[in-house]
Amino acid sequence: MDKKITFLQKHRYHKNANVVFRMSREDFETIEFTSGIWIHQLEKFINRHKSEQVPRLLELKRYYLADNNIKYKPTKTDEFAADNRIASDFARYITIFEQGYMLGQPVQYKNRDENIQSQMNDFSKRNNEDYHNVLIKTDLSIYGRAYELLTTVLDETGSAFVKLVKLNPEQTFVVYDDTTDNNSLFGVYYYTLDYGDGVRKDFVNIYTSDKVYMYVNSNQEEKGLHLYDSDDCVFEGVPINEFANNEDRTGAYEPVLDSIDAYDLSQSELANFQQDSMDALLLITGNPYTGTAPNDLDEDGNVVPNSKLAVSLAFKRARIMIMDDNPNPNGSTPDAKYIIKQYDTEGAEKYKQRLVNDILRFTFTPDTLDENFSGTQSGEAMKYKLMASDNRRVMQQRLFEKGLMRRLRLAVNVWRIKGNESVAYNQINDTNIIFTANVPKTDSEIVALAGQLYGTVSDKTLFEILTTVTGIDPEVELERIKEEAEGTPAPRRPETDVTEDGQENQSSIS
C-alpha cells in the first residue's frame, strides 16, 4: 500500500470523498472541447476524483475482498511475539444478503402497450439484464454508487440494439448542473493501458447528451491530454447512468468498518494468545538436575542402576523434571512453570458476540445463526425479524427504480430512431417496475393464499401468485384452462384447503 493506513484512528476519508461534482450550465454551454482551458479543467476534475474519492472506493473494495485494515496494522515491536492478522468477511456477507434480498427475484417490467413491452423484453434478453442488475446492486452495496454505459451495437443482421456496460466506479463520475433539478451535464470514464517498459496510454472519454469526446495522453511525444476523436450520441441524454444506494451514497457496510476492525483485532489477538501459549517461556526456580554425579557410571562407562543419572533419564522419558533444593537455605522453593497470560474466555466471547450483533444490526442484516431465527417460524414472525431489512430494501428499491427508469428513457430514444414511431417517450413513463423480495415461502402458504383470494381478484392475478409453485407462466396457464373448457367440461382447477394438521384437501371449483 502506498498510503500508510491508520488502524482504528482518525478519519478514514477525505471530507470530499463522497461529494457530487457540479458545474454551472452556463459554463458548460461555453466549453470548447478542443481548447486547452477545457482540458485543464477536465484534468482538475480527474485529479480531484483520484485524490479525494478513489482512496475511499479502493478501501471499500478491499473490505469486500476481505483485505481488511487489520492486514496493515503496525507491526509489533517484539519480534518474538505472535502477530497474526485475521480478516473477517462481513463485508461480502452483508453485500450478498442485500443483493439477494432485493434482486434474487428478477425485476419485472409491465407496460400496457404491447410494442413497448416487446421492446423491453428484447432489450432485457439481449443484455442479460437480470445479471447486469445484480452487478449494479453489488457495486451499490460496496461503493454506495454504481455506473452503467448505454451504447449502440450492431447485431449479426446489421440492426442496432442498445447494449448495457457496467463501469467501474473507481474510474467513473458524472458532473451535474447547479440547479435543483440535478441534471447531468456530462459523464467521465478514464482508464490507463500499460504496455510495459514504461510505455502506457491514458484515455479519457467524455459523454454528453449529443457527443462522445475521446482524449488520449500517450506519455511519450505529446505531453498531456489531447482530443483524438469524437462521435455522435444518439440517446438524447448523457449515456452514463448513475445509481445511488442512498442519498448519502454510502455503502452497505461502510458505517460499521470500525466494528469490523475491532472484531478482526479481537480474533487476531486470540490467535496470538494461543500461539504465544504454545511458545511460552519456561520458568525454573531451583536447580534442575542436568549433569552426572560420582558413581553414576561404572568402569565401562555404563549408567549404574538406581543412580541419580539413571533416575533422571527415566524421568525425562516420562516427561518429568527433577528439581534439587537450592544451595541457599533461604532460597526459593524449587518450582517450574510456563509463563502465560490468563484468558477470560467468557468475557472475550461476549465481547465478540456484541460486535457481531452491532455489525449486523446497524447494517439491517438478520443473524441467521440466531437460535430464535429458524425456518419453523410463521410468516408473520419472520416479517418482524426482517422488518428493518424490509424498510431499508424499500428505500433502496425506489432509488434503484429511478435508475432503471432513466435507463428505459435513454433506450426508448434509440428504439424510436430505429423506426418504431409508435414507441412514444411518454408511454415509457407508464412502465410499472415490480420488485419481489426474495424471502423463503412454503408452497402450502402460497396455495392457501391463492384459495383465499379466489373470487376477489382476477384469474391472471391468481396464477401469477401460483407461478412459484407451478412454474407455469400465467398466460400459458390461462390458455390451458381455455383449451380444457372448449374440449371437455372438466373442473377448471383444484382449490386447495390447508387443514390445521398441515394436510391438503383438494376440491373442484366449477
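Which residues line the second largest cavity? I started my notebook with that one, and here is what I found. The lining is made of Val19, Val20, Phe21, Gln53, Arg145, Tyr147, Phe173, Val174, Glu242 and Arg249. I should say at once that I am reading a predicted model.

**Entry 1: the second largest cavity**

I looked up its volume and got about 40 Å³. Sorting the lining by class, I noted six nonpolar residues, one polar and three charged. Strand S3 (145-154) and strand S5 each give at least two residues to this lining. I underlined Glu242, a lining residue of this cavity, for a reason that comes up in Entry 3.

**Entry 2: the largest cavity**

How many cavities of 30 Å³ or more does the structure hold? I found two. The largest cavity has about 60 Å³ of space. I wrote down its lining as Phe97, Glu98, Tyr101, Met102, Phe364, Ser389, Arg392, Arg393 and Gln396. Helix H3 (90-103) and helix H10 each supply at least two of the lining residues. By class I have four nonpolar, two polar and three charged residues here.

**Entry 3: the second largest pocket**

Next I turned to a pocket. The second largest one has a volume of about 890 Å³, and 33 residues line it. Which residues lie nearest its centre? They are Tyr176, Asn182, Glu242, Lys402 and Arg406. Here is my underlined Glu242 again: it lies near the centre of this pocket and also lines the second largest cavity.

I then asked which elements give two or more residues to the pocket lining. My list reads helix H1 (25-29), strand S5 (172-176), strand S6 (184-196), strand S10 (240-244) and helix H10 (387-417). H10 gives the most, with seven residues. I had already met H10 in the lining of the largest cavity, and S5 in that of the second largest cavity. By class, the pocket lining splits into 12 nonpolar, 10 polar and 11 charged residues.

**Entry 4: following S6 onward**

S6 was on my pocket list, and I followed the chain from there. S6 and strand S7 (residues 199-207) run antiparallel and are joined by nine bridges. Gly196 has Val199 in S7 as its bridge partner. The two strands form a hairpin with two residues between them. In that turn, Asp197 has a positive phi of about 55 degrees.

S7 then pairs with strand S8 (residues 211-217), again in the antiparallel sense, over six bridges. Three residues make the link in this second hairpin. I found Tyr207 standing opposite Val212 in S8.

**Entry 5: one residue, Phe123**

Is Phe123 buried or exposed? Phe123 counts as buried because its relative accessibility is 4%. This residue sits in helix H4 (residues 114-126). Leaving aside neighbours within four places in sequence, I found Phe123 in contact with Glu129, Val162, Leu164, Arg407 and Trp415. I also checked Lys163, which is 40 residues away along the chain, and the C-alpha atoms of Phe123 and Lys163 are separated by 8.1 Å.

**Entry 6: the whole protein**

I closed with the overall counts. The protein has 15 helices and 17 strands. Of its 510 residues, 38% are buried. Among contacts with a separation of 6 or more, 63% are between residues 24 or more positions apart. The exposed area is about 30100 Å², and carbon and sulfur atoms supply 49% of it.

Terms used:
Residues are numbered from 1 along each chain as its sequence is written. This is a predicted model: local features need pLDDT of at least 70, side-chain atom pairs count only at pLDDT 80 or more; totals for chains, interfaces and linings use all residues. Side-chain values use heavy atoms; hydrogens and water are left out. On a 1 Å grid over the protein atoms alone, a cavity is a set of points where a 1.4 Å probe fits but cannot get out, and a pocket is an open set with protein on both sides within 12 Å along at least five of seven lines; lining residues have an atom within 4 Å of a point. Grid points are joined across faces, edges and corners, and a volume is the space filled by probe spheres set on the points. Helices (H or I, at least four residues) and strands (E, at least two) are DSSP runs, numbered from the N terminus. Ala, Val, Leu, Ile, Met, Phe, Trp, Tyr, Cys and Pro count as nonpolar, Asp, Glu, Lys and Arg as charged, and the others, Gly among them, as polar. Buried means under 20% relative accessible area, exposed over 50%, partly exposed in between (1.4 Å probe, protein chains only). Contact means heavy atoms within 4.5 Å. Accessible areas come from the Shrake-Rupley method with a 1.4 Å probe; for residues, only the protein chains shown count as cover. Two strands pair if DSSP finds at least two bridges between them.
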